[in-house]
Amino acid sequence: MTNTQIMQAWFENLWNRAIESTIDELLAPDAVVHGLGAEAVVGRAQFHEFYRQFRAAFPTIRVTIERVLESGDHATAHARVEFAKANL
């Protein structure tokens, strides 16, 4: 898989389809993820915990990748994140 394909699979499978096993398939076991809270999320177990809490708070999340910039072994995405309105 290319870095672009990995990124597309991450957002589509984990966030749009809610396939939590994507974390174990695509996240490095010792990954350090910054920007999700006050402290870094370290490793798959902590990311699973973050993911479950986030999904519980925002169950209707939808991520659309607008474009991916890839250079060597790095990739970054410009993405649009939307949440469906609750039925009131």
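**Aromatic rings, core and pocket**

Good morning. I begin with Phe50, which counts as buried because its relative accessibility is 14%; buried means under 20% relative accessible area, exposed over 50%, and partly exposed in between (1.4 Å probe, protein chains only). The model is a predicted one, in which local features need pLDDT of at least 70 and side-chain atom pairs count only at pLDDT 80 or more, while totals for chains, interfaces and linings use all residues. Residues are numbered from 1 along each chain as its sequence is written, and side-chain values use heavy atoms, with hydrogens and water left out.

Let me place Phe50 among its ring partners. Phe47 and Phe50 both belong to helix α3, 3 residues apart, or about one turn of the helix; helices (H or I, at least four residues) and strands (E, at least two) are DSSP runs, numbered from the N terminus. Phe50 also forms a tilted aromatic pair with Phe54, at 5.6 Å centre to centre and with 40° between the planes. Rings of Phe, Tyr and Trp (its six-membered ring) pair if their centres lie within 6.5 Å; planes under 30 degrees apart count as stacked, over 60 as edge-to-face and the rest as tilted. Phe50 and Phe54 are separated by about one helical turn because they are 4 residues apart in helix α3. Phe54 is partly exposed, since its relative accessible area is 23%.

How many aromatic pairs does the structure hold? There are 7 aromatic pairs in the structure. One of these joins Phe47 and Phe50, tilted, with 5.5 Å centre to centre and 55° between the planes. Phe47 is buried, because its relative accessible area is 4%. Ring pairs gather Trp10, Trp15, Phe47, Phe50, Tyr51, Phe54, Phe58 and Phe83 into a cluster.

I turn now to the core. A nonpolar core is a set of buried Ala, Val, Leu, Ile, Met, Phe, Trp, Tyr and Cys residues joined through side-chain atoms within 4.5 Å. The largest nonpolar core has 15 residues, of which Trp10, Leu14, Trp15, Ile23, Leu27 and Phe47 touch the most other members. Two or more residues of this core come from each of α1 (3–16), α3 (43–57) and β3 (61–71), and α1 gives the largest share, 5 residues. Beyond four places in sequence, Trp10 touches Trp15, Thr22, Ile23, Leu26, Leu27 and Phe47, where contact means heavy atoms within 4.5 Å.

One of the partners of Trp10, Thr22, lies in helix α2. Is Thr22 buried or exposed? Thr22 is buried, because its relative accessible area is 1%. Its side chain reaches the backbone oxygen of Ile19 at 2.8 Å. With neighbours within four places in sequence left aside, Thr22 is in contact with Ala9, Trp10, Asn13, Leu14 and Leu27.

Ala18 lies in the loop between α1 and α2 (22–26). Although Ala18 is not a glycine, its phi is positive, about 60°. Ala18 is partly exposed, since its relative accessible area is 38%.

Val33 belongs to strand β1 (residues 32–33) and counts as buried because its relative accessibility is 19%. Not counting residues up to four places away in sequence, Val33 touches Leu27, Ala40, Val41 and Phe47. The C-alpha atoms of Val33 and Gly43 are 8.2 Å apart, with these positions 10 residues apart along the chain as the separation.

Next, helix α1, where Thr4 is found. The side chains of Thr4 and Glu70 are joined by a polar contact of 2.4 Å. A polar contact is a pair of N or O atoms within 3.5 Å; within protein, one must be able to donate a hydrogen and the other to accept it, and residues adjacent in sequence count only if both atoms are side-chain atoms. Outside its neighbours within four places in sequence, Thr4 is in contact with Val68 and Glu70.

I close with the largest pocket. On a 1 Å grid over the protein atoms alone, a pocket is an open set of points where a 1.4 Å probe fits, with protein on both sides within 12 Å along at least five of seven lines; lining residues have an atom within 4 Å of a point. The volume of the largest pocket, the space filled by probe spheres set on the points, is about 500 Å³. Its lining has 20 residues, of which Met7, Trp10, Phe11, Trp15 and Phe47 are the closest to its centre. At least two lining residues come from each of α1, α3, β3 and β4 (74–83), and α1 supplies the largest share, 6 residues.
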